[in-house]
Amino acid sequence: MSSLEESIGPRQWREASVKTVRVAQALAEQGDVTCRTASMFDPLPTGREVLAQQSNERAFGYIRETREVVTRMHRALMELSDEIRVCTRMKESLEKQLQHCRKDIHLNRQTAADRHKRPAREQEYDGADTLIQSELLQLQDMKAKLELQLHATQEQLHQLHNARLQLMANMQERSTVLPLVAKHGFYCSARLPSRAQSAPSRHSRTVSAPATPLSSLRPVREGSRVGSGVGGSAGGGSPGTTRSRPMTSYAASSRVPGTRAKSVTFAGLDIGSTQPCTHQAATALDLAQSSMNLSRDLRKQSTGVLDDVMRQQNAAHRAVQTGMAQKVAETVTLKQHLTISEGETRASMNRTRRWLDQQEKTKGYTTGPISSADLTARERLDRPLIRAYQAHTGTNLPEARELVRNSHIMDGSIRQTTRSLGLLRLAKGKLEADRRDKNEAANVDSDIIRLRRRRANHRWVQFKPVPRPLPGAVAAPEKFYP
């Protein structure tokens, strides 16, 4: 029996069969391993749809980030337009104040020229001339300040305009990838956040208005992307959450190696030539913000300059008006004193004239008539009584000598009175001329005061005087200049 249990076939034949079985078993195990590995790594039958969906998600994320950039550009453009409008109004205010300053300079020079119309004795340099000259110097200084500030404002307007053009160009270039995005509702929600919050539109699930103002947009370096405003998660996450987007090996292979590690973020957005926010867009936003900051500082400075100029201008005008009024009051007071003195001089002349007439009559009575035939008997020196008295020696009388002496005395007194009367007449003429000059000077200064008060509101047109045309020539039209 033992010999029957033993294998009858050849050993090699049996080992060849066993080897074949073992090989088949190893191949079967290897096939199972290959299937399990293929089931893990081979693409699924729906791989085409998955790749298309991932590509769509990536494109949609890029478009959303681009839309966020465009929205921020649109908001910056609106703020920039508002700043240009306000800066333009400030420029107009500076031009208006400069025009007022030029009119005041013209009025000051006209005031100085009109004061030369006074009489010669009244044209002596006085305190009013000092105030007018001081006002002219202050106005020239204020004019230089306003021109310098106006030049700076114009330069700032040019910078704002260039920044707006650059921002519009970048916004138009970035908007080329948004043909399939409803921008109207998004811009409305961005401009009116209260309406967007109270009545969310159909885009509210995927789009939310950016809450970050333009002044907070500053370039920062970050190691990870943080969403803000529109840039939420790909699945419609809330702002401020970390953006996470599933990427397969196919999607990851299309990204440039090292881009994420070396990227520079601008308000939560990556900056790069292939990113939604390019370097040109970030530069345009930064330029717009810096230009608006400079414009605000310049407007604040311009407001201060305008306030100072208006205060100094009004103070100088009031000082000149007060000085001119004081000069008119002093002139009128002197004119009144001159009028009183002229009346007193006229009364003294009348008294002197009456006294001169009495002196002339007294001299006539003293000297007697011109012809001896007109003498009466009692007035003759050889009247009978005197002849009888002089019949004796040593009986001479001083009557003739005294008459001659009294006549000489009356002549001297008459000459002195006549001289006094001439001096009174001369003094009266000087008083009258001085009073007349004072009256004319007071009238000229009063006219200047009324002219300055009438033109203090600057509602008048400044123009160059037109020369009188020659006979036969055509008169030139009036030329107005600012």
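Start by selecting Arg311 and Asp308: their side chains meet in a salt bridge, with N to O at 2.7 Å. Keep in mind as you go that this is a predicted model. Both residues sit in helix 9 (residues 279-367), and because they are three residues apart there, about one helical turn separates them. Color by accessibility if you like: Asp308 is partly exposed, with a relative accessible area of 34%.

Now jump to helix 3, which covers residues 47-115, and pick Glu95 and Lys91. Here's another salt bridge between side chains, again given as 2.7 Å from N to O. The spacing is four residues within helix 3, so the two are about one helical turn apart. Glu95 comes out at 31% relative accessibility, which makes Glu95 partly exposed.

Next, show Lys117 and Asp114. They form a salt bridge too, and the closest N and O atoms lie 3.5 Å apart. Check the two ends of this one separately. Lys117 is exposed, at 56% relative accessible area, whereas Asp114 is buried, at 14%.

Stay in helix 3 and select Arg115. Is Arg115 buried or exposed? Buried: its relative accessible area is 2%, and under 20% counts as buried. Now add Asp126, Asp129, Lys327 and Asp445 to the selection, and you have a network of salt bridges that links them with Arg115. To see what else surrounds this residue, show its contacts beyond four places in sequence: Arg115 touches Gln123, Ala128, Ile132, Met324 and Ile448, among others. The contact list also includes Asp126, Asp129, Lys327 and Asp445, the four residues that share the salt-bridge network with Arg115.

Time to zoom out. Show helix 3 together with helix 4 (residues 127-174) as cartoons: they pack at an angle of about 160°, and their axes are 7 Å apart. How do the two run relative to each other, roughly parallel or roughly antiparallel? That angle makes helix 3 roughly antiparallel to helix 4, because angles over 145 degrees count that way. Look along the crossing and you'll find that the crossing is left-handed. Then color the contact of helix 3 with helix 4 by residue type: its residues divide into 26 nonpolar, 13 polar and 13 charged.

For a last stop, show every salt bridge at once. How many salt bridges does a search of the whole structure find? The search turns up 24, and the pairs you've visited include Arg311 with Asp308, Glu95 with Lys91 and Lys117 with Asp114.

Note on methods
Residues numbered from 1 in each chain as written. Predicted model: local features only at pLDDT ≥ 70, side-chain atom pairs only at ≥ 80, totals over all residues. Heavy atoms only, no water. Axes fitted to C-alpha atoms, helices over the stretch in contact; angles between N-to-C directions. Parallel < 35°, antiparallel > 145°, perpendicular 65-115°, else oblique. Left-handed = near helix turned anticlockwise from the far one by under 90°. Nonpolar A, V, L, I, M, F, W, Y, C, P; charged D, E, K, R; others polar. Buried < 20%, exposed > 50% of the residue type's maximum accessible area, 1.4 Å probe, protein only. Contact = heavy atoms within 4.5 Å.
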